[in-house]
Amino acid sequence: MAEGQDTSQEKTEEPTPRKLQKAREDGQVARSKELQTTVLLVAAALALIFFGPLLAQRVLEVARFTFSFEYAATRDTGLMFHYLGSSFAHLGWPLAWILLVLLTAAITGPLGLGGWNFSTKSIAFKGNRINPLSGLKRMFSMNSLVELLKSYGKVGFVGTMAVVILFSQVESLRGISREPTEQAIVHALTILAWSFLLMCLTTAIIAAIDIPFQIYSHTKKLRMTFQEVKEEYKNTEGKPEVKAKIRQLQREIAEGRMMSDVPKADVVITNPDHYAVALQYDQFSMPAPILLAKGVDDVALKIREIAFEYNIEVVQMPPLARALYHHSKVGEEVPAELYLAVAQVLAYVYQLQEAKAGRMERPKRKPDVKIPPEFRRDD
């Protein structure tokens with residue numbers, strides 16, 4: 001707990017994503033036992049409906065075979081084991097399908113609420129779990145009382161529905177006594193399976209009530225105070241002074257990388273002192289000039305120093321320098337609206353270089369570049 005944190009604050013804030021994630025890592029997720037029970041029971045009922053007739057038929061065949069083999073076979077121990085294995089194999093196929101359906105339901109049932117979650121922390125040893133006082137506290141807590149009332153309500157509701165379903169099948173049950181044995185067994189199993197399914201569907205009503213309650217209880221348990229939210233934000237996002245230091249380091253790294261590209265520039269355009277931008281253009285490999293570096297004040301001074309060190313032409317054109325600084329990004333092409341102005345400057349620089357080499361006269365004045373109104377900056 002943070003120093004100075006007020007523990008008397010009410011937990012009125014909804015849990016943050018970080019709080020929910022940490023609870024999930026600790027194995028605390030919203031679960032509904034009623035949903036899991038409903039899925040398992042409905043799956044069992046459907047398995048009986050689909051595979052019950054086949055199972056009943058196989059049981060009859062095994063029973064008929066068991067009571068029809070010769071008396072002499074009872075004295076052969078090996079033969080009896082063979083008959084027993086054959087009976088199990090005959091019943092194994094429908095039983096395997098029923099068990100497979102139940103296994104699938106048992107695995108997928110918890111996924112309906114809370115999803116798949118495995119946490120070793122939830123199975124770790126905790127002393128309070130074997131503490132008698134903690135056990136008594138849980139037994140006589142409000143949560144235990146709610147669970148007890150829920151159990152009574154479930155038993156009463158399901159029992160009532162069972163009586164209703166039983167009375168609705170009275171005529172069918174009476175008719176079974178007048179049917180042949182094999183038909184009566186199949187009919188009885190069918191009535192049993194469908195009645196079982198209807199009873200299981202009643203638990204779906206209980207699950208539909210329990211799911212919102214479990215979600216609400218889980219969220220309420222994880223609620224936070226306003227101070228806890230602030231502390232988590234600090235721990236997650238970082239303290240303001242730390243974030244400022246990180247941003248400063250990032251700027252320094254970016255500026256260092258940018259300065260290393262200045263020697264590649266063809267021209268540096270200045271303000272003359274406040275702004276400085278470095279441009280590079282190769283007519284054979286670049287569709288347009290690229291801004292290598294830009295800066296103001298100390299950074300601009302550093303760009304000019306590097307330009308002088310590497311004999312790069314420095315041209316004072318305040319309007320163009322400001323326009324390029326505010327409307328261009330480092331490492332990207334200059335805006336198309338400034339192509340003409342930049343081209344005029346590059347042509348001027350080319351003339352200066354040719355004049356220094358003695359191949360032409362030095363230009364008498366700098367070009368009068370035009371800056372579009374939307375690109376003009378007076379600062």
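Start by selecting residues 188-213: this stretch is 100% helix and 0% strand, with its end C-alpha atoms 38 Å apart. The model on screen is predicted. Residues 188-213 also appear in the UniProt annotation "transmembrane region", which comes from an unreviewed entry and covers residues 38-56, 95-116 and 148-168 as well. Select residues 38-56 next. Here too the chain is 100% helix and 0% strand, and the end C-alpha atoms are 25 Å apart.

**The whole chain**

Now show the full chain in a cartoon view. Its secondary structure comes to twelve helices and four strands. Of its 379 residues, 30% count as buried. Among contacts with a separation of 6 or more, 75% are between residues 24 or more positions apart.

**Leu60 and its contacts**

Select helix H2, residues 33-66, and find Leu60 in this helix. Is Leu60 buried or exposed? Its relative accessible area is 17%, so Leu60 counts as buried, the limit being under 20%. Which residues does Leu60 touch, apart from its neighbours within four places in sequence? Show Glu182 and Ile185, which are in contact with Leu60. Then add Val186. Leu60 and Val186 are 126 residues apart in sequence, while their C-alpha atoms are 9.8 Å apart in space.

**The aromatic rings**

Move to helix H3, residues 77-108, and show the side chains of Trp93 and Trp97. The two residues are four apart in this helix, about one turn. The chain has three aromatic pairs, counting rings whose centres lie within 6.5 Å. Trp93 and Trp97 form an aromatic pair, with 5.6 Å from centre to centre and 90 degrees between the planes. This pair is edge-to-face because the angle is over 60 degrees. Trp97 is partly exposed, at a relative accessible area of 34%. Add Phe51 to the selection: Phe51, Trp93 and Trp97 form one aromatic cluster.

**The strands**

Go to strand S2, residues 275-280, where six of the six residues are buried. Which residues lie on each side of S2? Colour Tyr275, Val277 and Leu279 for one side, and Ala276, Ala278 and Gln280 for the other; all of these are buried, and both faces of the strand are covered.

Keep S2 on screen and add strand S1, residues 267-270. S1 and S2 run antiparallel and are joined by four bridges. Between the two strands, a hairpin makes the connection through four residues. To see one place where the strands face each other, select Val267, which stands opposite Leu279 of S2.

Next add strand S3, residues 290-296. How many bridges pair S2 with S3? There are six, and the pairing is again in the antiparallel sense. Tyr275 of S2 stands opposite Val296 of S3.

**Two loop residues with positive phi**

Step past the end of S3 to Asp297, in the loop between S3 and helix H10 (298-309). Phi of Asp297 is near 55 degrees, a positive value in a residue other than glycine. Most residues other than glycine have a negative phi. Asp297 is partly exposed, with a relative accessible area of 44%.

Follow H10 to the loop that comes between H10 and strand S4 (313-316), and select Asn311 there. Asn311 also has a positive phi, near 60 degrees, and is a residue other than glycine. Is Asn311 buried or exposed? Its relative accessibility is 70%, so Asn311 counts as exposed, the limit being over 50%.

**Two side-chain contacts to finish**

Select Arg322 in helix H11, residues 318-327. This residue counts as buried, at 13% relative accessibility. Now show Asn271 as well. What joins the side chains of Arg322 and Asn271? A polar contact of 3.1 Å does.

For the last stop, show Lys294 and Tyr325. Where does the charged end of Lys294 sit? This end is over the ring of Tyr325, 5.0 Å from the ring centre.

Terms used:
Residues are numbered from 1 along each chain as its sequence is written. This is a predicted model: local features need pLDDT of at least 70, side-chain atom pairs count only at pLDDT 80 or more; totals for chains, interfaces and linings use all residues. Side-chain values use heavy atoms; hydrogens and water are left out. Buried means under 20% relative accessible area, exposed over 50%, partly exposed in between (1.4 Å probe, protein chains only). A polar contact is a pair of N or O atoms within 3.5 Å; within protein, one must be able to donate a hydrogen and the other to accept it, and residues adjacent in sequence count only if both atoms are side-chain atoms. Two strands pair if DSSP finds at least two bridges between them. UniProt positions are given in the numbering used here, feature names are shortened, and annotations may be inferred rather than shown by experiment. Rings of Phe, Tyr and Trp (its six-membered ring) pair if their centres lie within 6.5 Å; planes under 30 degrees apart count as stacked, over 60 as edge-to-face and the rest as tilted. A charge sits over a ring if NZ of Lys or CZ of Arg is within 6 Å of the ring centre and within 35 degrees of the ring normal. Contact means heavy atoms within 4.5 Å.
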